[in-house]
Amino acid sequence: DGGNGSKRRVEPRLLKNLTGLDGRRLPGPGEAQYRLVVPLDLKLDADGLIAPHAMARLSVLRTLAREYNEMQLQIVVFVPGDGTEAALRNALLDLDAASIVFARSPAGEEASRSLLLDGHGMVAAQWPQSDDFNAATIGYAVRRHLGVPIYAQMDGRP
């Protein structure tokens, strides 16, 4: 619903016991004020780079990750598929967004939409995959709940 959210709790198993594509355990709920969960098919193009549509979304997420610290906003990207190919791992390394957690998509409807969850797992905002996902819509929702970013704490990288 583009930011209005419904006050309902997300199925707890959606966010528990997840392992990132890099093998690290996903931090549990409640470790950040908000968690942004985004499903994203990270297809690679012919050059082995993340496809433009996915890269545009990742750029928005990388900016948010640099504007808020991990105690304020935790970003989780659900990636469909079974295996972790070397080319994808390399492309994610090149993205240089270590604070974004990439995990395999769990089964279920909840994993098919982008969600902004508060520290208790309640939905603060949500976006079906068909909706626009851009800096204005996602950034506005995050800022509405977390306030203006602390620019002095922003990562200095471009």
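**Figure 1. E67 is buried, with a relative accessible area of 7%.** Here, buried means under 20% relative accessible area and exposed means over 50%, with partly exposed in between (1.4 Å probe, protein chains only). What you're looking at is a predicted model, where local features need pLDDT of at least 70 and side-chain atom pairs count only at pLDDT 80 or more, while totals for chains, interfaces and linings use all residues. Residues are numbered from 1 along each chain as its sequence is written, and side-chain values use heavy atoms, with hydrogens and water left out. The side chain of E67 makes a salt bridge with that of R143, 2.7 Å from N to O. This pair ties together distant parts of the chain, with E67 in helix α1 (residues 52–67) and R143 in helix α3 (residues 135–146), 76 residues apart. A salt bridge means a side-chain nitrogen of Lys or Arg within 4 Å of a carboxyl oxygen of Asp or Glu. Unlike its buried partner E67, R143 is partly exposed, at 28% relative accessible area.

**Figure 2. P149 sits in the segment after α3 and touches both partners of that salt bridge, E67 and R143.** Leaving aside residues up to four places away in sequence, P149 touches E67, Y68 and R143; contact means heavy atoms within 4.5 Å. P149 is buried, at 4% relative accessible area. Follow the backbone to L64: its C-alpha is 8.7 Å from that of P149, though 85 residues separate the two in sequence.

**Figure 3. D41 and K43 form a salt bridge, with the closest N and O atoms 3.2 Å apart.** D41 is partly exposed, with a relative accessible area of 39%, whereas K43 is exposed at 52%. Searching the whole structure turns up two salt bridges. In general, side chains of opposite charge can pair when their charged atoms come close. Also in this view is H53, a residue of helix α1. H53 counts as exposed, at 55% relative accessibility. The C-alpha atoms of H53 and K43 are separated by 9.3 Å, and the two residues are ten apart along the chain.

**Figure 4. V79, in strand β2, is surrounded by contacts from several parts of the sequence.** Setting aside residues up to four places away in sequence, V79 touches L21, L40, L42, L88, F102, A103, R104 and S105. V79 counts as buried, at 2% relative accessibility. Pick out S105 in that list: its C-alpha lies 5.2 Å from that of V79, with the two residues 26 apart along the chain.

**Figure 5. The largest pocket has a volume of about 270 Å³.** Its lining has 14 residues, of which D22, L92, L93, I100 and F102 lie nearest the pocket centre. Two elements, α2 (86–95) and β3 (100–104), give two or more residues to this lining. Sorted by class, the lining has eight nonpolar, two polar and four charged residues. Ala, Val, Leu, Ile, Met, Phe, Trp, Tyr, Cys and Pro count as nonpolar, Asp, Glu, Lys and Arg as charged, and the others, Gly among them, as polar. On a 1 Å grid over the protein atoms alone, a pocket is an open set of points with protein on both sides within 12 Å along at least five of seven lines, a cavity is a set where a 1.4 Å probe fits but cannot get out, and lining residues have an atom within 4 Å of a point. Grid points are joined across faces, edges and corners, and a volume is the space filled by probe spheres set on the points.

**Figure 6. The second largest cavity has a volume of about 30 Å³.** The whole structure holds two cavities of 30 Å³ or more. A65, Y68, E70, L73, Q74, I75 and S99 line the second largest one. Strand β2 (residues 73–79) gives the largest share of that lining, three residues. Four of the lining residues are nonpolar, two polar and one charged.

**Figure 7. Zooming back out, the protein chain has three helices and five strands.** Along the sequence the pattern runs β-α-β-α-β-β-β-α. Helices (H or I, at least four residues) and strands (E, at least two) are DSSP runs, numbered from the N terminus. Of the 158 residues, 44% are buried. Take the contacts between residues at least 6 apart in sequence, and 74% of them join residues at least 24 apart.
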